Amino acid sequence: MTELTTERLRLRPFRTDDAGALNRINSRSEVMRYIGKPVETIRNTEDYLRESVLADYSKYGFGRHAVIEQHSGELIGFCGLKYLPDLDEVDIGYRLHPDYWGLGYATEAGQATMKFGREKLGLSRIIGIAMDENTASIEVLKKLGLKPDGRVNHLGTECARFLWQA
């Protein structure tokens, strides 16, 4: 798994010992508002890392990256690509701790991720999915060059679908 850097961020592969830091993000209702229920325990987050994120690295050779703020060294969220078998598409996703919302970090991490997908993975299409009410996430997708591309039902939720295509 490749590490990416930007002016303010380092995107690196997750490790199981990131579970505590990630749980501090995923346990917050405002973070999970458009995604699902807050994750209750660090153990649940460890399981998620092992069964989803780390499994994606092994199976597909890519996945979500831990987003580290370079100045503080703190894990502030994730950003990365994920293969979605139910849609047979590669999705860009991001999630940040609320203390880091509105600072351009999602766009900065997303730009590095899109470049990685295009240049290193050779992808010719990347989608983004967001609930209509999640206007901040939709704005990030647009800034990353994804265009509205209809609707999709993902994990039981009707979402707007965005597409970048070479």
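Helices and strands are DSSP runs, numbered from the N terminus, a helix having at least four residues and a strand at least two. With these names, Leu 146 can be placed in the loop between helix 5 and strand 7, the latter spanning 147-154. The model described here is a predicted one.

Leu 146 is a useful place to begin. Its relative accessible area is 1%, and it therefore counts as buried, the cut-off being under 20%. Apart from neighbours within four places in sequence, Leu 146 is in contact with Ile 92, Met 114, Ile 126, Ile 127, Gly 128, Leu 141, Phe 162, Leu 163 and Trp 164. Along the chain, Leu 146 and Gln 165 are 19 residues apart, while 8.1 Å separates their C-alpha atoms.

From this loop the reader can turn to strand 4. Nine of the 10 residues of strand 4 are buried, so the strand is mostly covered. Strand 4 has pairings with strand 3 and with strand 5. Strand 3, residues 64-69, runs antiparallel to strand 4, and five bridges join the two. One of the pairs is formed by His 65 and its bridge partner in strand 4, Cys 79. These two strands make a hairpin with five residues between them, and in its turn Gly 73 has a positive phi of about 75°.

Strand 4 also pairs with strand 5, again in the antiparallel sense, over eight bridges. Here Leu 84 has Glu 89, in strand 5, as its bridge partner. Strand 4 and strand 5 likewise form a hairpin, with four residues between them. Asp 88 lies in the loop between these strands. Its phi is positive, about 50°, although Asp 88 is not a glycine. Most residues other than glycine have a negative phi. Asp 88 has a relative accessibility of 55% and so counts as exposed, the cut-off being over 50%.

Cys 79, already met as the partner of His 65, leads to the matter of disulfides. The structure holds zero disulfides. For Cys 79, the nearest cysteine sulfur belongs to Cys 159 and is 18 Å away. Why is Cys 159 not in a bond with Cys 79? A disulfide needs sulfur atoms within 2.5 Å, and the sulfur of Cys 159 is 18 Å from that of Cys 79, its closest cysteine sulfur, so the gap is too far for a bond. Both cysteines count as buried: Cys 79 has a relative accessibility of 1%, and Cys 159 has one of 6%.

Another buried residue is found in helix 4, which holds Glu 108. The relative accessible area of Glu 108 is 13%, under the 20% cut-off, and so this residue is buried. Leaving aside neighbours within four places in sequence, its contacts are Thr 6, Glu 7, Arg 8 and Leu 9.

The last feature is the largest pocket, which holds about 1,500 Å³ of space. It is lined by 50 residues, and those closest to its centre are Tyr 34, Ile 35, Tyr 94, Arg 95 and Asn 134. Several elements give two or more residues to this lining, among them strand 4 (75-84), strand 5 (89-96), helix 4 (105-120) and helix 5 (135-143). Helix 2 (29-32), helix 3 (42-60), strand 6 (125-130) and strand 8 (157-165) do so too. Sorted by class, the lining has 27 nonpolar, 12 polar and 11 charged residues.

Key: Residues numbered from 1 in each chain as written. Predicted model: local features only at pLDDT ≥ 70, side-chain atom pairs only at ≥ 80, totals over all residues. Heavy atoms only, no water. 1 Å grid on protein atoms, 1.4 Å probe; cavity = no way out; pocket = protein on both sides within 12 Å on 5 of 7 lines; lining within 4 Å. Points joined across faces, edges and corners; volume = space filled by probe spheres on them. Nonpolar A, V, L, I, M, F, W, Y, C, P; charged D, E, K, R; others polar. Buried < 20%, exposed > 50% of the residue type's maximum accessible area, 1.4 Å probe, protein only. Contact = heavy atoms within 4.5 Å. Pairing = 2+ DSSP bridges.
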